[in-house]
Amino acid sequence: MMRYSTTCAVVAGILIAAAGTDTRAMQDRPDRTLWYTQPADSWTAALPVGNGRLGAMVFGDGWEERIQLNEESIWAGPPCPDNDDNLTEVLAEARRLFFNGDPVAGEQLVQDRIMVPRISPRSHQTLGDLTLRMHYPESEPQQPISVTGWRRGPTVTVEESQDESWLADLDPDTWSPVAETADGRSVPEHSTTAFAATFTISEEQLQQTPLELNLSPIDDASIVILNNHIVGKTTAWNRPYTFDITQYVVTGRNRLVIPVTNIGGPGSLADNVTIHNTSVPEDYRRSLNLDNAIATTRYTVDGCTYSRNVYASVPDDVIVITMEASVPGALEFDLELTRPVDATTEVAGANRLMISGQATHNGTHPGVHFCSIMQALTDPDSDSVFVTDERTTRLEVRNASHVVILLTAATDYNFKDPTGLSAQSLMVSCIEILEEALLNLLTLETRHIAEHQRLFRRVDLTLKGLPVTDDNGNQIDLVSLPTDQRLARLQQVEGAVDPGLEALYFQFGRYLLMCSSRPGTMPANLQGLWNEHIEAPWNADYHLNINLQMNYWPAEVTNLSECHLPMFDLLEGCVPTGREMARSFGCDGIAFGHVTDAWMWSAVQGRNVWGMWPHGAGWCSAHMMEHYRYTLDHEFLADPAYPFLCEVATFYLDWLTPDPDTGLLVSGPTTSPENTYILDGTRHSLSMGTAMDQEIIHEVFSNVLEAAEALGRFNKADSDEQAFLDHVRAALTDLSPPRIGSDGRLMEWDREYDEAEPGHRHMSHLYAFHPGNQISVFGTPELAAAAKKSLDYRLQHGGGHTGWSRAWMINFGARFRDGDFAHDNLRLLLAKSTHPNLFDNHPPFQIDGNFGGTAGMAEMLLQSHEGVIDLLPALPAAWPSGQVEGLKARGGYEVDIAWEEGQLTRARISAQETGPCHVRVPVAVMEGVVIRAGSDDDAAAVPMTRTEAGLIVFTAEEGVKYTILAGQ
């Protein structure tokens, strides 16, 4: 046994102060707190914390706590997709074929000669798990029962398995034992194989209910049958499942049968099938306070109250776990660090465990080396003891009252130069971070909260709905319900609304962006920062055909401009390979494909339908311009934004080609991302002049000219730059514009083809309406009406069925100034595409839906894309009263808005620069509007001009807050 010791000069009592007494549960604001009355039964019910670089998912189990860990840069490695050096002639021939009406040959040529194979898996990966196995003097949890001894039954085709009557004839006693080989649990492609096993439950175990059956990831679909009862079905190959089996279990022998269906590719039965006692301790509460970014678990066992707080500190770059027991010496547990593959755990000094390894995929794609060190500390004046078991690399804590666990991680990944890995010792890097954190131990939590609230408290949102009653007319206090129960109500009650939950969802989106994207870190990927997989869905990479962009839609408007910066760092990092990709097509400038990852490659790769799309840099460049419009940061505009925009525009000037029929400039051949059309009975994915191409290029050219004007380049430009700007202006004039089809819808491709998927999840041809502004309700009403007709058509045919797609619908509805439409889609996003922890369910989990939903809510309350501060442009009937503080508008404005009974009552606007301020207010309150300088309602009125209906203009001075009073 080893008593606590440390080389740092930490005075007695510091740990008690750091752990503190947990009173947060009483102080949590319901509109800023996710809370639950039971532990997480799955990863998508656990609660996320993060500091941009380090992340954790907290399950909150009172018996065996799992804290799943992430570090932003743990990726498997090269090779990376790379296009041929010279595709100029191939591109020219492909264009000739499309212009001549032969898309079959054109697509085949592009697929065979231009596209390179997709390299997968090469994924972002989990760091591992920190496990706390608790010990209580009078109560010990039931140990999990592993279901083993599997037998393999018959295999039938997928079609035959659809008729479940075949299950009645199964006789598992006659089946052969599963071979202990890699193929023993395998299922052939396009087939269903039945597996069976038995397990025994004692009378004592049966009394320790409820009981759950846990399956590790199992193939594409399965049916779980216990004692001839179907207890559940699985529908996804890449996630674990949990089923409540309490009512189906009997004392003695139980039989489990699982027919497993493999649609395609490798398939198998779950590697691990276990049965757990899921009893919840007394007074249990699990919560995530968004205001202080601390996940708290609190419960009582044998009269002792236990509490755990988990947070990820930005200032100290550590994950912190503080544990406390109300009875002295009652805190006892074992602690382990584990990872599924490619890692070794070892003792790294007194009370320290270290896990290290290299990310691979079964030994292929060797990538980033990683190291993580965890250190546990307790009150040095107590009788607590630590035992480090070097054989099992487990840390045992006994007789403690307070414990603090610090964990950090390091990798050899170099974001500034991914091809040149860092040479510094990873263990030394971790120890240095821990030693620095130990010096700040007394103020760790204070420093963490202060930094978090510096950003988080910039925006506050309150939404008040109408009273809610049950079937008997009794009013329901929604605030008193746990978060999962509020979400379940939306999922189970048709048309149910919950503005308070929606406000929580809004702030949760801001919280997730803060936790997964901080200055100096990598940008938020498809899962933000949180990923429990070795092989994540879609590799958890950076998709540039909407997903990365949607991640950052809320950054500016919700007052988190700093969190936008990692995206720009990634874009700049991709410039060298982007130039190579442009050169391969015979163009100057830069171009990115639809996806990249930690290795910052640029290529068009995979299949035509999603891969032949060289517009990643084009779309992403708009984010640079938006960052400038919101912040008025001229230094940022001058560098990196303007040079990046110019390089993208240079590519497009070379890439565009005249359409022989119209003489107008068109892009192509490219996909309208991931969508297809029908021509002569055949499905196609590529065409010339797709709407999204043309709209993105229009935006790039317009942004270059706007940036040049803002920087005064027209007066300072040398002859080459002036010629370039003249070329951009001319190309913008000659660019083929958006077109309306004979049915009144905005056209997606170059011709009016039949659609293979009328309800497709992408609304790419509406890019010019949102997130762009080439089409708008006031500026181009005819095109806006065509866009609305296109959107309605998509929805009528099943569109919006994925989380991020539904989130895009909210933003479209807001831009159409249709608050009820936007809110209906927000309600559907929560009801159909949201996990218990409020993570977006694509399915599976994909974080862009969270960010898109948050941005859409902001868009309902405030818009500024037309050069006007538009107050409450899409207020739904479901939000009759409320207020929002701290939203940002383009032009450097900060805006607060309050409303009652569906009408604006007041707004406050702060200007960053002196100049004319254009504001649109709801027409119903226009006549009574008064503007006053400052917050005093009795201050002198500011002169203003009323122009068109609802539009007022006044001169705003830098640093002055103006109050707009309605109904005066």
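Hi everyone, let's start inside the protein: helix 8 gives the largest share of the lining of the second largest cavity, namely 3 residues. Before I go on, please keep in mind that this is a predicted model.

So what else surrounds that space? The elements that give two or more residues to the lining are helix 8, residues 444–456, and helix 10, residues 499–516. If you want to find the spot on your screen, look for G50, A293, A312, V314, H448, E451, H452, M514, C515 and R518, which line the second largest cavity. By class, that lining has 5 nonpolar, 3 polar and 2 charged residues. The space itself holds about 60 Å³.

How many cavities of 30 Å³ or more does a search of the whole structure find? The search turns up 5. The largest cavity has a volume of about 80 Å³. Around the largest cavity you will find S776, V777, F778, R815, R817, Q863, S864, H865, E866, V868, D870 and R920. Sorted by class, these lining residues are 3 nonpolar, 4 polar and 5 charged.

Now let's turn to a pocket. The second largest pocket contains about 1,000 Å³ of space. There are 49 residues lining this pocket, and the closest to its centre are E626, R629, S864, H865 and R890. You may recognise S864 and H865, since both also line the largest cavity. Several elements each supply at least two residues of the pocket lining, among them helix 16 (616–631), helix 22 (803–815), helix 24 (848–861) and strand 42 (915–920). By class, the pocket lining has 19 nonpolar, 18 polar and 12 charged residues.

Let's stay with helix 22 for a moment, and pick out one of its residues, W808. Is W808 buried or exposed? Its relative accessibility is 0%, so W808 counts as buried. Which residues does W808 touch, once we leave aside its neighbours within four places in sequence? The contacts are I546, M550, W553, H762, M763, S764, H770 and P771. For a sense of distance, compare the position of R946: this residue is 138 residues from W808 along the chain, and their C-alpha atoms are separated by 33 Å.

Next, a stop at helix 4, which covers residues 103–114. In this helix, P103, G106, E107, L109, V110, Q111 and I114 are buried. What covers them includes helix 3 (88–99), helix 15 (608–611) and three strands: strand 33 (677–679), strand 34 (682–684) and strand 35 (686–687).

Finally, let's zoom out to the whole chain. There are 24 helices and 46 strands in it. Along the principal axes, the C-alpha atoms fill a box of roughly 80 × 70 × 65 Å. How does the radius of gyration fit with a compact globule? A compact globule of 968 residues would have a radius of gyration near 30 Å, and the protein chain has 29 Å, so the two agree. Of the 968 residues, 62% are buried. As for contacts between residues at least 6 apart in sequence, 72% join residues at least 24 apart. The accessible surface comes to about 35,800 Å², with 48% of it belonging to carbon and sulfur atoms.

That's my tour. Thanks for listening, and do have a look at W808 in helix 22 when you get the chance.

Key:
Residues numbered from 1 in each chain as written. Predicted model: local features only at pLDDT ≥ 70, side-chain atom pairs only at ≥ 80, totals over all residues. Heavy atoms only, no water. 1 Å grid on protein atoms, 1.4 Å probe; cavity = no way out; pocket = protein on both sides within 12 Å on 5 of 7 lines; lining within 4 Å. Points joined across faces, edges and corners; volume = space filled by probe spheres on them. Helix = DSSP H or I, 4+ residues; strand = E, 2+ residues; numbered from the N terminus. Nonpolar A, V, L, I, M, F, W, Y, C, P; charged D, E, K, R; others polar. Rg over C-alpha atoms; globule rule 2.2 N^0.38 Å. Buried < 20%, exposed > 50% of the residue type's maximum accessible area, 1.4 Å probe, protein only. Contact = heavy atoms within 4.5 Å. Areas by Shrake-Rupley, 256 points an atom, 1.4 Å probe, with all protein chains shown as cover.
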